[in-house]
Amino acid sequence: MLTTEGSQSPLQSQHREDLLHRIASRIRQSLELQEILETTAAEVRSLLGTDRVKIYRFHADGSGEVIAESIHDNRLPSLLGLNFPADDIPPYARELFIKSRQRVAVDVVAQTTTGMSLMEYLDSTPDEAELQLRHRPVDPCHVEYLTAMGVKSSVVVPILHDDRLWGLLVSHHSQQRHVTEAELQFIQAVTDQVEVAIAQSTLLSQMREQAEREAKINELNTVLHRLPTVQLQAALEKVVEILQASGGRLYLMSETGDQVDEFYVCGEQPTELVNGGGRQIEQHLMWQQYLRSPGQDICKVEATQDAGQELWSAQRMHSMYLSGGERPNLNCWAINDIYQEPIFRTIVTSFQPTQVRGLMIIPLRYGKQVIGCLSIFRNEIETERLWAGRCDRDTRQIAAQISFETWRELRRGQAKPWTENEKKLAETIGGHVVMAVQQYYLYNQVQSLNANLERQVQERTAELQYLLEQQQALSSGIAKIRASLKLGAIFQTTTEEVYRLLRVDRVVIYQFNPDWSGCFVAEAVGEGWTSLRQAQATDTDIQTYVSRSDRCIVSSFVDAPVPNIDTYLQETQGGEFARGCAIKHVDDVDTMNFPDCYRAVLKQFQCQAYIIVPIYQADKLWGLLAVYQNSGPRQWKDLDIALLMQTADQLGVAIQQAELLEQTQLQTQQLTKMLEDLKQTQTQLVQTEKMSSLGQLVAGVAHEINNPISFIYGNVIHAVEYTQQLLEVVRLYQQRYPEPDRELRDRLKEIDLDFIAEDLPNLLSSMQIGTERIQEIVQSLRTFSRLDEAEFKFVDIHEGIDSTLMILAHRLKAQPDRPAIQIIKDYGQLPLVECYPGQLNQVFMNLLSNAIDALEEGLGEGSVPCIRIYTVITDDDTVTIRIVDNGTGMNEKVRSRLFNPFFTTKPIGKGTGLGLSISYQIITEGHKGKLSCQSALGHGTEFAIEIPIRHQCEP
């Protein structure tokens, strides 16, 4: 039962706050969710004093599992690792947990349930809080359930993540127990911290999955590119290994009708299609429809026969197979259980002799062209699950669970679902396999060409030898291109390799800008010929020679040493190359029917013959690869053209891979920086909160001390006056009655009246001096805390320094291992300075404490430890405060890292490494000033603070 009666003691409140702080600190220190959950359960159970606290996590099917638990003296049995069916928590309860964040306390003895909505509680006033409690009888089924579990009191608080019910934090007690509202609020606060930990763990898991995907892709690339020829079989085996599958198939469609499809297989394989005439599963009409017509319903086909003699009609297919209306993913079709997929009804017979249960189809598309698919198989598995009592998941539970004895459920022939991470990895693998297949096709084309040439050995021996040398050189050039992923190095290597292979006078790579203008990005040119790239970079007057002619670009060929590329390419957005032109080549410019102005342009380029091929990045025209023969006409061979086109294809792939790598590296750097910034911000917030709490504590202590000291100090003056009067009266009595009676003489002798008359004034004087000293300390504490001065205001800097020294006075006194530290003040005439007083006092405290720490480690110069404080106006609007000690100093390596967060030279447990970092931020960011340090080994250390006298508001 939930109650609002009773008040919690300060000790209980402080204990809860300490526990909550420990849990929050553990979340910040550890990113391992299981460790955080186990700590949370143990700490909550310890504070509540209950018999069991468990954390229950929901599965996707609605059931759940106890993943963390803490039990006291085995008063209740352990449920750790046990699963509970979905029916144990009704749908309406889940809805209340999500929408209202309902928190429930159940008293089995009183048979009452008390619920409180967190949303309504936050919107209510303190007087209305009790009204938000909803009391109702416990459902008899629930009473029976908890009684069978041995529980008489329970508390349940939901744990949400991304607006979904992630789990529950549950407290069980074997005896009747009343739950206070403060305890429930504490459990909710702990749950909020757990939700933060879950969010952090989810982000960490995503980053780890991304890193794992990148590592596996690198492994695949190593297999694909470790040899000049693409090893598709080895690549398939690697993909099966990466995806932890039982087998796979690589299906490559034939490019022409006279060729046959290619198949690569690994592991356990399905049989041919039933009544399919020897066809494979990839040649099934449904499979082909998915590959060739992405985005369309698979049932909408125009086939006549596929499975037996039964006709396939769109209407019948739609009614039989696609009743759910879901379409497969265009880039990766992941099927967890092929026997549960209606559309696979006619294909599944090929898998029946195997243990395959899961299937993933990855279409291989190069641009808009489908070149095949990659199919990955996953065998059926056995699943083992521990339940709290016997559970039949195939039927609805209609009675309360009466036994929670561990029941082991073993299921055979189960399908292991494909995870989202595996799907993303498969899509990325598909892209790399497409590139490898394209290289494979290119290599096969080269090999086919070699085979044809070998059959003509006698007639074309020289040509075969030339082709062989050229292809070897091409492979070497491609290997050099792949050796680097930096675009600059790739471009330069390409031009140099093509220049060497074709023995031309000039090779250039031209890149289009977004507006279809462009520039030369790489060039290889022979001696004696003008460098177009160099002229492009040094000649700023080239643009003045550009005309508006469709075919001629230079209006004056006398003054323009190196004209710009034809503006025709810009005006037509890539010219004929953008409309599918694969190559332009000219053997002799003099024999071509070019306009005179264009012929003059080519002469200016020193060009007699050329080949130009486009460079595509995927389907986008990226630029041009051009070779020029300047020394004279040249009869270009088909081999020259083919080599240049292959080089352009490889260059396009290299550009795409390099840009992808650059994007990946940039994202990784951004994520790393975000994580470091988050850690730094969290730690600095904790440190700032500590200083704020310290200021509040100091101010409170000063206020509490000030009142009684004021009473004492005010009465000491009167006590001195009254004492003088009493002593005067005693002297008059002694003068009037010099011979008192015997009893009075004995009493005066016993108390030593003369000593009292002499010592009492001194005693009262000491009391007055002590109270004045306490008042000075109280004033220093109030000045240092400055809780009422959190905004910019004009203050006396010297007052802040003096109050800080007063607080540190106990550390300045002599110690067994060192003499007292001298403080030498050299204060200038400073005006009132506009600043954050509390923050500035924090800086003084950090710098003076570090100076004292340095002097306690040893002296650099002199025999007496000393701290000098200088203040001066450096110009009309800046104040400088210098704090100098004669300690041992530091080297340049330490000094350069002094203001870095978490950097410290102190032993573990003595320093956090945040004091100087926070001080630096306070001065530079909060006050727009400067904080610097000068030091050398053996010569002490000097800190200099420069802040403006008046705060400069940002525009």
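## A loop, a sheet and some charged pairs

Asp73 lies in the loop between strand E3 (64–71) and strand E4 (83–84). Helices (H or I, at least four residues) and strands (E, at least two) are taken here as DSSP runs, numbered from the N terminus. The model is a predicted one, in which local features need pLDDT of at least 70 and side-chain atom pairs count only at pLDDT 80 or more, while totals for chains, interfaces and linings use all residues. Residues are numbered from 1 along each chain as its sequence is written, and side-chain values use heavy atoms, with hydrogens and water left out.

The loop is a friendly place to begin with backbone angles. Most residues other than glycine have a negative phi, and most peptide bonds are trans. Asp73, although not a glycine, has a positive phi of about 50°. Asn74 also lies in the loop between E3 and E4, and this residue, again not a glycine, has a positive phi of about 55°. Is Asp73 buried or exposed? With a relative accessible area of 58%, Asp73 is exposed; Asn74 counts as exposed at 70% relative accessibility. In these terms, buried means under 20% relative accessible area, exposed means over 50%, and partly exposed lies in between (1.4 Å probe, protein chains only).

Strand E29 (residues 941–948) gives another picture. Six of its eight residues are buried, so the strand is largely enclosed by the rest of the structure. Which strands pair with E29? Strand E27 (residues 878–885) pairs with E29 in the antiparallel sense over eight bridges, and strand E28 (residues 930–935) pairs with E29, also in the antiparallel sense, over six bridges. Two strands are said to pair if DSSP finds at least two bridges between them. On the E27 side, Val879 has Ile947 of E29 as its bridge partner. On the E28 side, Gln934 stands opposite Glu942 in E29. The hairpin of E28 and E29 has five residues between the strands, and there Gly938 takes a positive phi near 85°. As background, side chains in a regular strand alternate between the two faces of the sheet.

Charged side chains come next. Side chains of opposite charge can pair when their charged atoms come close. A salt bridge is counted when a side-chain nitrogen of Lys or Arg is within 4 Å of a carboxyl oxygen of Asp or Glu, and by this rule the count comes to 25 salt bridges. One of them joins the side chains of Glu523 and Arg506, with N to O at 2.9 Å. This pair links distant parts of the chain, with Glu523 in strand E19 (residues 518–525) and Arg506 in strand E18 (residues 506–512), 17 residues apart. Both Glu523 and Arg506 are buried.

Asp640 and Arg634 form another salt bridge, their closest N and O atoms being 3.8 Å apart. Asp640 is buried, with a relative accessible area of 2%, and Arg634 counts as buried at 18% relative accessibility.

A further salt bridge brings together the side chains of Glu856 and Arg811 (3.5 Å, N to O). Here too distant parts of the chain are linked: Glu856 sits in helix H21 (residues 837–857) and Arg811 in helix H20 (residues 809–812), 45 residues apart. Glu856 is partly exposed, with a relative accessible area of 37%. Through salt bridges that share partners, Arg811, Arg818, Asp853 and Glu856 are joined into one network.

Some residues come together in space although the sequence separates them. Ser25, found in helix H1 (residues 10–29), is buried, with a relative accessible area of 17%. The C-alpha atoms of Ser25 and Gln193 are separated by 9.9 Å, with their positions 168 residues apart along the chain. Gly828 has its place in the loop between strand E24 (822–826) and strand E25 (833–835), and counts as partly exposed at 22% relative accessibility. How far apart in space are Gly828 and Ile873? The two are 7.5 Å apart, C-alpha to C-alpha, and 45 residues apart in sequence.
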